[in-house]
Amino acid sequence: MQQRHMCKCAKVTFYEVEFKLSGMKVIPTHKNCGEGLNDDQFNSFEKELVKYWGFEQK
Ligand SMILES: [Zn+2]
């Protein structure tokens with residue numbers, strides 16, 4: 001995995017997250033610090049992300 005800066009904020013709310021397109025991938029980024037979310041943070045947002053995009057998991 002490519003080394004990149006990760007958000008280290010203790011608390012990130014879904015509304016502070018911006019989704020940036022990078023090629024074919026979407027990079028979830030914390031607006032407050034400008035860093036990408038780490039895996040733990042991203043996992044906690046995955047369900048909200050699905051709703052945000054209007055996808056339903058079946
Ligand atoms: Zn942050």
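**View 1. The fold, read along the sequence, is β-β-α.**
In this predicted model, the protein's secondary structure amounts to two strands and one helix. Strand β1 spans 17–22 and strand β2 covers residues 25–30, while helix α1 takes in 39–53. Of the 58 residues, 24% count as buried. If you like contact statistics, take the contacts between residues at least 6 apart in sequence: 46% of them join residues at least 24 apart. The protein exposes about 5000 Å², and 51% of that area comes from carbon and sulfur atoms.

**View 2. Four protein donors surround the zinc ion.**
Here you can pick out the SG atoms of C7, C9 and C33 together with ND1 of H30. These donors sit 2.0 to 2.3 Å from the zinc ion. What is the arrangement of the four donor atoms? The angles they subtend run from 102 to 116 degrees, which makes it tetrahedral. For comparison, the ideal angle for four tetrahedral donors at a metal is 109.5 degrees. As you look at the cysteines, keep in mind that a search of the whole structure turns up zero disulfides.

**View 3. The zinc donors are spaced along the chain as C-x1-C-x20-H-x2-C.**
C7 belongs to the segment before β1, whereas H30 is in strand β2, so this pair ties together parts of the chain 23 residues apart in sequence. Which of the donors are buried, and which are partly exposed? C7 is buried, at a relative accessible area of 1%, and H30 is buried too, with a value of 1%. C9, on the other hand, is partly exposed at 29%, and C33 is partly exposed at 33%.

**View 4. H30 is a zinc donor located in strand β2.**
Zoom in on the histidine and its surroundings. Setting aside neighbours within four places in sequence, H30 is in contact with C7 and C9, which are also donors of the zinc ion. The other partners of H30 in that list are K11, V12, E16, E35 and L37. With its relative accessible area of 1%, H30 is buried.

**View 5. T29 is a buried residue of strand β2.**
The relative accessible area of T29 is 5%. Its side chain reaches the backbone oxygen of I27, at 3.3 Å. Which residues does T29 contact beyond its neighbours within four places in sequence? Among them are V17, E18 and K20, all of which fall within β1 (17–22). T29 also contacts E16, G34, E35 and G36.

**View 6. K31 lies in the loop between β2 and α1.**
Is K31 buried or partly exposed? K31 is partly exposed, having a relative accessible area of 48%. Not counting residues up to four places away in sequence, K31 touches Y15, E16, V17 and E18. For one of these partners, E18, there is a handy distance to check: its C-alpha atom is separated from that of K31 by 6.1 Å, with the two residues 13 apart along the chain. E16 is worth finding in the earlier close-ups as well, since it appears among the contacts of T29 and among those of H30.

Technical notes
Residues numbered from 1 in each chain as written. Predicted model: local features only at pLDDT ≥ 70, side-chain atom pairs only at ≥ 80, totals over all residues. Heavy atoms only, no water. Donors = N, O, S within 2.8 Å, 3.2 Å for Na, K, Ca; no water. Tetrahedral: all angles 85-135°; square planar, octahedral: opposite > 155°, others 65-115°. Helix = DSSP H or I, 4+ residues; strand = E, 2+ residues; numbered from the N terminus. Buried < 20%, exposed > 50% of the residue type's maximum accessible area, 1.4 Å probe, protein only. Disulfide = S-S within 2.5 Å. Contact = heavy atoms within 4.5 Å. Areas by Shrake-Rupley, 256 points an atom, 1.4 Å probe, with all protein chains shown as cover. Polar contact = N/O pair within 3.5 Å; in protein donor to acceptor, adjacent residues only side chain to side chain.
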